[in-house]
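Let's take a walk through this protein together, starting with the overall fold and then stopping at a few places that reward a closer look. Keep the structure open beside you as you read.

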Amino acid sequence: MTRLLFLLIFVVALSWGLLAVGVTRSNGSIERVSASLERSIGAVLRMDLEMSDLSTTSPGCSLSGRRVALASRRTCRLRVGEGGFRVRVARISMGQGEGEARFEPADDGETRVLQPEEGRHRLPQDGAFDLSVFSDGGVLELRCPSDRDCRFTLRRAQ
């Protein structure tokens with residue numbers, strides 16, 4: 001029985017050793033394993049921000065599919081509802097015009113006043129930025145300061 005136990009320990013140790021040699025080869029496979037593990041863990045802790053998470057009462061703001069159309073010189077305030085434990089992510093990109101985007105996290109018990117330019121992202125034509133929304137939600141403000149109407153698109157974060 002003791003020999004069988006030692007043989008089992010030897011086989012397990014040998015297999016772990018061979019695995020370690022195979023993973024640490026100089027062909028970069030350790031980086032691939034690490035990147036794959038990071039993606040897997042990230043997928044568990046993040047999810048896409050869906051249009052159904054958003055609501056608005058702003059005039060001149062139209063939600064259709066994954067697009068938000070906004071008349072020139074208007075501001076659209078989109079409320080992002082509360083979510084679960086996972087972080088909701090999206091890439092906000094400009095499809096037409098030049099705009100600005102800003103996210104104000106929901107009040108978590110601390111009084112915090114954002115300055116007018118704090119957290120504002122200027123988005124040129126074809127520009128984009130990544131947004132992360134925690135469980136409390138918040139308000140996403142989209143502005144179209146140009147003379148042309150703007151079209152924002154919410155996509156999967158990279």
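What follows moves from the whole chain to its disulfides and then to a few loop residues.

Before anything else, please keep in mind that this is a predicted model. The chain holds 2 helices and 11 strands. If you trace the chain along its sequence, the order reads α-α-β-β-β-β-β-β-β-β-β-β-β, with both helices ahead of the strands.

How much of the chain is buried? Of its 158 residues, 30% fall into the buried class. Turning to the outside, the chain exposes about 10,700 Å², and carbon and sulfur atoms contribute 56% of that area. Contacts tell you something about how the sequence folds back on itself. Taking the contacts between residues at least 6 apart in sequence, 74% connect residues at least 24 apart.

Now for the cysteines, which are a good place to rotate the view and zoom in. The whole structure contains 2 disulfides. Counting the bonded cysteines in sequence order, they pair as 1-2, 3-4.

One of these disulfides joins C61 to C76, with an S to S distance of 1.9 Å. This bond ties together distant parts of the chain: C61 belongs to strand 3 (residues 61-64) and C76 to strand 5, with their positions 15 residues apart in sequence. The link of C61 and C76 is left-handed, with -55° about the S-S bond. Are its two ends buried or exposed? C61 has a relative accessibility of 14%, so it counts as buried, since the cut-off for that class is under 20%. C76 is buried too, with a relative accessible area of 0%.

The other disulfide is formed by C144 and C150, whose sulfur atoms are 2.1 Å apart. Which hand does this one have? The torsion about the S-S bond of C144 and C150 is about 75°, so this disulfide is right-handed. Its two cysteines are buried as well: C144 has a relative accessibility of 1%, and C150 has 2%.

From the cysteines, let's move to some loop residues, beginning with two that have an interesting backbone angle. R73 sits in the loop between strand 4 (67-70) and strand 5 (74-80). Its phi is near 60°, which is a positive value in a residue other than glycine. R73 has a relative accessible area of 58%, so it is exposed, the cut-off for that class being over 50%. Strand 5, at the far end of this loop, is also the strand that carries C76, so you can find R73 by starting from that cysteine.

D126 is the second residue of this kind. Look for D126 in the loop between strand 8 and strand 9 (128-133). The phi of D126 is near 65°, again a positive value in a residue other than glycine. With 63% relative accessibility, D126 counts as exposed.

The last stop is D107, in the loop between strand 7 (99-105) and strand 8 (120-123). Is D107 buried or exposed? With a relative accessible area of 58%, D107 is exposed. Where does G137 lie relative to D107? In sequence, D107 and G137 are 30 residues apart, while in space they are 9.0 Å apart, taken from C-alpha to C-alpha.

Definitions and conventions
Residues numbered from 1 in each chain as written. Predicted model: local features only at pLDDT ≥ 70, side-chain atom pairs only at ≥ 80, totals over all residues. Heavy atoms only, no water. Helix = DSSP H or I, 4+ residues; strand = E, 2+ residues; numbered from the N terminus. Buried < 20%, exposed > 50% of the residue type's maximum accessible area, 1.4 Å probe, protein only. Contact = heavy atoms within 4.5 Å. Areas by Shrake-Rupley, 256 points an atom, 1.4 Å probe, with all protein chains shown as cover. Disulfide = S-S within 2.5 Å.
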